Amino acid sequence: MQCIQERGEVFFFYRPKVNRDEAHGADDVQRMYMVLRPESGEKPVELKQDPRCSGKEAAAEDDRKEDKAGGGGQGSQQVNIEKQTLLRFIVMGRKSLPDPTNKSTPFWGFVEMVTTNIQHIKSALKGEEYDTATRGHRHLPDCRAAGEGVFRILRHNSGSSKMHTHLIYKLEYPVEGEEGEAQEALNIAREASFLIQIKNPDQNAASQFRGLKKKRKAAFPAQLQGQFGHRRYSPADPPDFLNYEGCEFLLISASDDIEQELGLELKTEEDDECSDLIQTFGETAASTRPLFHGTWA
């Protein structure tokens, strides 16, 4: 039995390493990002961090560059995802999605920024020039767009198993047949289902993942934090957990055939002639060669 908690758009980006003009393979990738834009769900109003006192969202609003690696999300504010834009800028720790063929290895990630301002994400996708005392002048390249599609977060209970949550997606771009080396290296399959577990920021889980430093961890409001009890992880139920910067999570591959696994046909907007990524972030926010042609850039 499954119940859709949230539906929306998903975008995938990667950034080449410092001082690289282009990436030519996975070894040239500095970071991989996933951006979730929820648009509707089980409840239209979600809790999110208070933008006045939460890390990167507050820094972006005030343009305080020295604070851009500040603390995690805290406080609470209501946001209607059916009427307001809500964007989650997520870092994948292993610089790729989980391998769909490996269903036992968890991949760690965290929410780097949550915002209702599209410009904040556009700025985060841009590169920068900066100087260091030891290595001199450095160039951080712009991000590249590598995929876009639709996503769902759903609650699932399959008979005797405990309730758990899935993050599932299906690509719209690259169109089928145009996927290439970039998508293959980053494990961006045409569709995939992952178990998603939220890490308890108040417990140090014994695992191979070092995780974020304490000051960068999310400070969930009591109604969310209380759902952990004494557990190290909790299902992403509700998805509001992901509306806090510093929220850490694990993704574990479940299937690359959503309909077979969950009995759910994930439909894309096939009649849409224009990329939602370009409509949302503009043509200059990120190079789109990997998005449309599957090639590295």
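Which residues do ring pairs link into a cluster? Ring pairs join Phe220, Phe228, Phe241 and Tyr244 into a cluster. The legends below describe this site and others in a predicted model.

**Figure 1. Overall fold of the predicted model.** The protein contains 7 helices and 13 strands. Its radius of gyration is 18 Å, close to the 19 Å that the globule rule gives for 297 residues, so the protein is as compact as a globular protein of that length. Along the principal axes, the C-alpha atoms fill a box of roughly 55 × 45 × 40 Å. Of the 297 residues, 54% are buried.

**Figure 2. The aromatic cluster of Phe220, Phe228, Phe241 and Tyr244.** Ring pairs connect these four side chains. The count for the protein comes to 12 aromatic pairs. Phe220 also belongs to the largest nonpolar core, where it is listed with the residues that touch the most other members.

**Figure 3. The edge-to-face pair of Phe11 and Phe281.** A pair of aromatic rings is described by the distance of the centres and the angle of the planes. For Phe11 and Phe281 the centres are 5.4 Å apart and the planes stand at 80°, so the pair is edge-to-face. Phe11 lies in strand β1 (residues 2-16) and Phe281 in helix α6 (residues 276-281), so the contact ties together parts that are 270 residues apart in sequence. Phe11 is buried, with a relative accessible area of 0%. Phe281 is likewise buried, at 1%.

**Figure 4. Tyr173, its ring partner Phe292 and the cis bond to Pro174.** The ring centres of Tyr173 and Phe292 are 5.4 Å apart and the planes are at 90°, so this pair is edge-to-face. Because Tyr173 lies in strand β10 (residues 164-173) and Phe292 in helix α7 (residues 289-293), the pair ties together parts that are 119 residues apart in sequence. Tyr173 has 14% relative accessibility and counts as buried, whereas Phe292, at 25%, counts as partly exposed. The peptide bond from Tyr173 to Pro174 is cis, with omega near -5°. Pro174 is found in the loop between β10 and α3 (181-185).

**Figure 5. Strand β6 and its antiparallel neighbours β5 and β13.** Strand β6 (residues 107-115) is mostly covered, with 9 of its 9 residues buried. Strand β5 (residues 87-92) runs antiparallel to β6 and is joined to it by 6 bridges. One of the residues involved is Ile90, whose bridge partner in β6 is Val111. Strand β13 (residues 248-255) also runs antiparallel to β6, through 4 bridges. Here Gly109 has Phe249 of β13 as its bridge partner. The side chain of Arg94 lies over the face of Phe107, at 4.5 Å from the ring centre.

**Figure 6. The largest nonpolar core and another core apart from it.** The largest core has 44 residues, of which Phe12, Met92, Tyr169, Ile188, Ile198 and Phe220 touch the most other members. The elements giving two or more residues to this core are β1, β2 (29-41), β5, β6, β9 (144-156), β10, β11 (191-199) and β13. Apart from the largest core lies another, of 24 residues, among them Phe89, Trp108, Ala285 and Leu291.

**Figure 7. Cys143 and Cys247 in their buried settings.** Cys143 counts as buried because its relative accessibility is 0%. Cys247 is buried on the same grounds, also at 0% relative accessibility. The disulfide count is 0.

**Figure 8. Backbone geometry at Pro238, Asn19 and Asn187.** Most residues other than glycine have a negative phi, and most peptide bonds are trans. The peptide bond from Asp237 to Pro238 is cis, with omega near 10°. Pro238 is found in the loop between β12 (233-235) and β13. Asn19 has a positive phi, near 65°. This residue is placed in the loop between β1 and β2; at 40% relative accessibility, Asn19 counts as partly exposed. Asn187 likewise has a positive phi, near 60°. The loop that holds Asn187 runs between α3 and β11.

Key. Residues numbered from 1 in each chain as written. Predicted model: local features only at pLDDT ≥ 70, side-chain atom pairs only at ≥ 80, totals over all residues. Heavy atoms only, no water. Disulfide = S-S within 2.5 Å. Buried < 20%, exposed > 50% of the residue type's maximum accessible area, 1.4 Å probe, protein only. Phe/Tyr/Trp six-rings, centres within 6.5 Å; stacked < 30°, edge-to-face > 60°. Lys NZ or Arg CZ within 6 Å of the ring centre and 35° of its normal. Pairing = 2+ DSSP bridges. Core = buried A, V, L, I, M, F, W, Y, C linked by side-chain atoms within 4.5 Å. Rg over C-alpha atoms; globule rule 2.2 N^0.38 Å.
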